[in-house]
Structures are given as structure tokens and as C-alpha cells.
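Colleague: I am new to this structure. Please pick one part, look at it closely, and then show me what lies elsewhere in the chain.

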Amino acid sequence: MQTNHFRNLCLVVLAATQVVCVSAQKTKTIAQKVDSVLQLMTLEEKIGQLNQYSGDWSHTGPITKDGDKQSQIKKGQLGSMLNIVGVEHTRTLQELAMQSRLKIPLLFGQDVIHGLKTTFPIPLAEAASWDLPAIERSARIAAKEAAASGIHWTFAPMVDIARDPRWGRVMEGAGEDPYLGSAIAKARVKGFQGNGLGSLDAVMACAKHFAAYGAAVGGRDYNSVDMSERLLHEVYLPPFKAALDAGVATFMNSFNDLNGVPATGNRYLQRTLLKERWKFKGFVVSDWGSVGEMIAHGYVQDNREAAKAAITAGSDMDMESRSYIQHLADLFKQKQVPIVLVDDAVRRILTKKFEMGLFDDPFRFSNAQREKIVWNDPAHKAAALDMARKSIVLLKNEQALLPIQASVKKVALIGPFMKAVRDNLGFWSYEWPDDSTTIVTQYDGIVRRLPKDAIVHYAKGCNINDADSAGFAAAIAAAKDADLVIMSMGEARDMSGEAKSRSSIQLPGLQEALIKAIHATGKPVVLLMNAGRPLIFNWAADHVPAIVCTWWLGTQAGDAIGDVLFGQYNPSGKLPMTFPRSEGQIPIYYNYYNTGRPAKDENNLFYVSAYIDLPNSPKFPFGYGLSYTHFQYAPMQLSDTVLKGNQTLTVKVRVRNEGKYDGEEVVQLYLRDVTASVVRPVKELKGFQKIFLKAGETKEVVFQVKTDDLRFYNQTVQHIWEPGEFHVMVGTSSAQVETRKINWQQ
Ligand code: BGC
């Protein structure tokens, strides 16, 4: 039953303090209701709203031990908690909040990054699907499961662009491209927030980490970032803007400093840009402890200065630093922080609590029956399988080794991931007691698709990351007695993620040695690559005939992989990040500038921008991914080659499925501005369409290009377009396109 908590709040306080509380009337807008509550609040209660602690259910950072959280909740000294999962726990803590003077409900936040009960593929894998409705649905289901268990707010989507695969957090984002990243940011926000805040199956989304966290020097997590404002706007900010335009409720700032100012204390980012120029109405939460970390950055002397810097810069809620709760009141009394700053932050947070309906009923998301039903919804499993299949990228398939033919009767299944359970989930996933029954292993997914009379040999071969070769002999013996070997190799689930940067992104441990040993048996090998980032596996890429990038696919990994290997699903994923040949090429990305001495010919490296020991090209380019069928692109047709002003260029291309399998193709459109007042990338993604073609079918794909697509940030960081020559490119990957020239006049 709804308690109309806001009304009660007003009545209680009216009786106690004689404050005139007219806001209980239904006709009041949320802004008016917020103002009414604000009037009732003491300074301490206001500051309490800006304070967020972690619970002990699980934690993702160095948890602060001091302080009695429960009594602070009762005193109204806490606005939000994270890491409290489940109806029972959220309800218990919300009951404590109802014992506080004003009974302002707590917000429960959680890192629901790629699912809660049902684990979907890691976000980078989902990005490889280029399938926006599927990505939106994945976030929708995550939101349903979270909202059913008392969670109000997910710290997702992570929309950081990343050009450095050493950075462990690439697994959380959508890859290297601002256009794809923006489209996915929008899909995820829509998915999480569903029909709008207040719906019982929606959670508040959080665009993070604001900003440029993905550009950490050397790919080392938490490291500094130094970049031009132009690059910031062109590459790193667009997905944040897209999230904002999609209505994202909150932002999280980031651990890094940007051009010498920690993001948490960065006034330009949070106030000037986000709140003033972009008119963001939600609130900004700090990252875990990032307010206090400004001391270690060397930006402030102590926690008191940290609190002042953060609130002044526009960081509304302090996650786990305790800087606000300890120092803001005094800072106000000493006239160091004006009340308008505190009030603004409180207003933003209370607004969200109203929009979520928590003042009507603080327990509305904590419903044990709903939790049980939603968490066991079979449709979630089906959607996770669909998403996992779509996330897989076929990297190599010589002599059409895949899909596995019916003639294959003896199979050797080798590798440390074959029977792994939780390694399929990847970082930022949750462990549940029933994992062994709900997670489909790769072994099971493959074996259940083999004919009943097939002979299966299994050998782990080696561990993920050690020097133990004791299992090699058994694996070689298994391979020798098989028609086909499937090897499942890669990174453990905690080798990519937060604080999981790697200086080497090669296959860990003895895995490459095992691949070589198995390859030496002469048996055909299919290699499954499990990872949270682009890995380097050059020897395998050059010698193993079939390679499938499976990332970390979540609960349904085994069935998804089985469907792809046996042709029940024709792989359609395309890489959202470039796979380098060597760590020495990093940062590596497809949308680079040409330089004054471009290396046009890899055989002629005379005084050009190149390495003398390595080609510039990557091992696998952005946008790349094979299919079991072949898509033939007819020459593109342009509506015009000379355009004027606000005309629209129509680009048409007919794509034919020439193979014998039905399949999906991601048709990609890139543009290049040949000469401009600042140098422009050799190509930039400006459109894509994922189409399904039956075997033998042809479809026409149509793109409309407008002058908005030509815009870039000039030397004074204005978003303009300039007339001149442009290249229009259409193709199957960033490295395989047809190019046509056009002229766009003023
Ligand atoms: C991460 C955030 C996360 C937060 C709360 C931090 O360490 O950087 O992305 O949302 O912890 O778990």
C-alpha cells in the first residue's frame, strides 16, 4: 500500500515546527515540493543528503570503517547508499531513514553494469553487436532486475571513449569511437530509465566518468589526462552529451585530473560545461573517494579544502570520502561555502527522489514478491542469449572451418575456459548461489549441440595465468584423437576491469605455448578468445585457421558460443575497438590524423610516420568482423557530387548476400574532411545500419548525410562545418571501404 510519505512528512513537521507546509497538495510541481522540503531542513540535514556510503554487501573500493552508518541514517546524515542489494536489505535501511526527523528516503545505488541476476555480455562485447535495440533491451532487463530488488540507481552507462586497450576499464565501455559510443550511450540510458523515472521497472542511469577518464596516460588506471579542449570535445565528450540528451538522471565525475585539475574539483567540467552550457538538471556524484583523493593529487591540502573544491566545482554528492559530512557545515559557517551551493546540490538530489516516487512510498521498489518473479523471468535468459550471440565477432575462418560440419564426429575441447563457470561473467558481475546451475559453460553449450554418437575429449591443458605445463600431454593426446579441436583461451574475469590495467595484453601464462603445441598436431583448430579487451595473439592469428572473439558473454555464454560454432547463429559482430599488433602501437585507433608524412606504402618507410619494425596497421581494425556468408557491396550511388548549403546527400548502396547462409551485416559510413582549418581524421564513422539478408537476398541501404555530419571543433572550439572536398566511404569495416569524392559548398 502506498504511504504517501511526502504528505506525512509535511504533516509531521507541521505539527512539530509550525512550518507551513502546503506542498502536500497534489497540484504542486516537484520543484515546489522540493522547495518546501528544503525549507524544513537544517544545515546538517542538507549536508546529509550530499553524503553517500557503501554498505558491506560487497564493495568496490577501500571501504571506510569508521562511523556508525545506521545511527547516521537515523539522524538524517545520509542521502544515499551503494552496494546494498536485495529487497530485504534495502528495506531494512530505508526503515531506518524513516526514523529520521524529516523521513527523507535514501537512494540506493549500485554498479549494475551488465546485468544483476542475469549477467549479459560485458558492455564492450555488447558494443560489438552494433545492435542498438538489443543493447537497449539488455539495459532494460538489468533495470527491471535492479528496480525489483530495491535499487533506484545504476552507476551506468560508462561512456568513456578508450583508445588504449591496456586500460582495464575498456571492458565497461563501448570502445574507441565517439559516434558509436554516443549511439550506445543513448540506447543504454533509454534502457535503464525505460518509461521514465518513477516507473517501477526503471532505475536512474549515471553517465560516467566525467570526463576523459579513458585517456589515462599509459593506459594505467586512475592516471592523469592532458589533452586539448578540442580533442576533449571531439572525441571524449560526445557520448556524455548523448546520454544527457537521452535524459540521463545523473553523472559521475572521474578519478583522473584533466589538464592539471582533478575532475572532481573541476569547475569547468561540472559547472561551466555540464550544468550551465548543457543545462543538466540532475546531480553529479563523485567517484568512490575522489573528493578526498584530491589531496593525493596534490590539488588540496586536506579534506576540508577537498570538500570546498568539490562542492564549488559542482560535485553534488560525496561518495565515501566523508569530506562533505565532516567539513561542509563549518565551511559554511566560516563563509567559505555559500548556502546557495549546498541548496543547489540538495535540490538536485531531492528532485530525483521525488521523480522516483520515493516521497510517495519509500519502499515502492522493495517488494519481495516482485523481486522473485522478475529475477526468475525466463525472458531475461532468452534476451541474454540473444545479446551474447550478437556480441560474438568472427575474426578468422579459413577454409570455412566454421560452422562445424556434421561430418565432425570426434572433438577435443581444450583450454582453461572450457569448463569455467564464473569466468564467463567478466568483471562487474555478481555471484549468486545458483551460479553453477544458471551459467551455461562453454563445454555444455558445445557438447549439447554435438550428435549423440559424437566422441568428446576434454582437457584443460593449462591454467589461465601460470607456468604449469603438466596438462599439456593430455591436451595433445586429446587433440591427436580428434577430427576438430576447439580451444577456449583468454583472460580471467578479473584481468580486465577497474584497476586491472596490463602493460602486456598478450595471452597470459602458457596459453600461447599450448596453442602452438596443439597446432603442431596438425589437427584443425578453432580458437575461442575470452577477454575484456582487445588482446594480442599474433602467432595464433597467423596460424590457427578459425578464431572467434567471444569476450565475456555472461550467463548464457555456452549456448551462445554453441549456436555460433554450429551455425544456428551466423556471427555478425564488428569490433568496437582496434586490435593492435603490438603494445608499441598503442594508443591505436582508426580515426587518426594523416600527419605531414603519411606512410602510404608499408614497403616504403623512407622518412615517413611509421615504425621501422612494424606496420602502422592493426591486427584487426575497428569495425571488422566476418560472417559465414559473404556480403557483396555494389558501387555506392550518390545523389550529388556537388552540394550546397543545407542540402542533403543521399548515399545508397546495394548489398547482396552471396553465400549460402542467412546473415546480418553492419554497413558502415565514414566521412573525411580533406582540408579544413584544423586537421581532420582520415575517416570518421558517421552512420551505420545493421541489416539482415537471407541467402541470395539483396537490400539497398540508404544514408542521409547533412551538414551537421560535417561539423567539427575548430581552433576556438566552435562546432562548425567548412565547405570543401569530402570523402564519402561505405564498407564492411573501417579498413575496407569504397571511397567517393564530393564537394560541399557554402
Ligand atoms: C568506480 C565507479 C563505481 C564506483 C562505485 C569506483 O571505484 O570507478 O565506476 O561506480 O566505484 O562502485
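Modeller: Start with one pair of residues: Val411 stands opposite Val456 in strand S13. The model is a predicted one. Now widen the view to the strands. Strand S12 covers residues 410–414, and 5 bridges join S12 to S13. S12 and S13 run parallel.

These two strands belong to an open sheet of 6 strands. Read across the sheet, the order is S11-S16-S15-S14-S12-S13. The pairing in this sheet is mixed. Which strands stand at the edges? They are S11 and S13, the latter made of residues 455–459. Each has a single partner strand, so one side of each is left without a neighbour in the sheet. From one strand to the next, the twist averages 15°.

Go to the other edge. S11 pairs with strand S16, residues 546–549, in the antiparallel sense. There are 4 bridges between S11 and S16. At one position, Leu394 is opposite Val548 of S16. Is S11 buried or exposed? S11 runs from 393 to 397, and 5 of its 5 residues are buried, so the strand is largely enclosed by the rest of the structure. Keep two ideas apart here. S11 lacks a neighbour on one side within the sheet, yet the rest of the structure largely encloses S11.

Next, look at helix H17, residues 378–391. How does its span compare with what 1.5 Å a residue predicts? Its 14 residues should span 20 Å, and the end C-alpha atoms are 20 Å apart, which agrees. Asp377 caps the N-terminal end of H17. A side-chain oxygen of Asp377 lies 2.8 Å from the backbone nitrogen of Ala379. Several residues of H17 are buried, among them His380, Ala383, Ala384 and Met387. An α-helix has 3.6 residues a turn, so residues three or four places apart point the same way. The buried set of H17 also includes the run Asp386, Met387, Ala388, Arg389, Lys390 and Ser391.

There is a further open sheet, this one of 3 strands. Its order is S5-S6-S9, and the pairing is parallel. S5 (206–210) and S9 (283–285) are the edge strands; each has a single partner, so one side of each is left without a neighbour in the sheet. Neighbouring strands here are turned by 25° against each other on average, direction ignored. S5 meets S6, residues 250–253, over 3 bridges in the parallel sense. Cys206 has Thr250 in S6 as its bridge partner.

Two helices lie across these strands. Helix H10, residues 238–245, lies across S5 and S6 and runs at about 155° to S5. H11 lies across S5, S6 and S9, at about 140° to S5.

H11 also has a helix partner. The axes of H11 (267–277) and H13 (303–313) come within 7 Å and cross at roughly 25°. H11 and H13 are therefore roughly parallel to each other. Where they meet, Arg267, Gln270 and Arg271 of H11 face Ile311, Thr312 and Ala313 of H13 in contact.

Finish with one loop residue. Val112 lies between strand S3 (107–110) and helix H6 (123–127). Val112 is buried, at a relative accessible area of 1%. Neighbours within four places in sequence aside, the contacts of Val112 include Ala142, Ile151, Phe192 and Tyr430.

Terms used:
Residues numbered from 1 in each chain as written. Predicted model: local features only at pLDDT ≥ 70, side-chain atom pairs only at ≥ 80, totals over all residues. Heavy atoms only, no water. Buried < 20%, exposed > 50% of the residue type's maximum accessible area, 1.4 Å probe, protein only. Pairing = 2+ DSSP bridges. Axes fitted to C-alpha atoms, helices over the stretch in contact; angles between N-to-C directions. Contact = heavy atoms within 4.5 Å. Expected span 1.5 Å × (residues − 1). Polar contact = N/O pair within 3.5 Å; in protein donor to acceptor, adjacent residues only side chain to side chain. Parallel < 35°, antiparallel > 145°, perpendicular 65-115°, else oblique.
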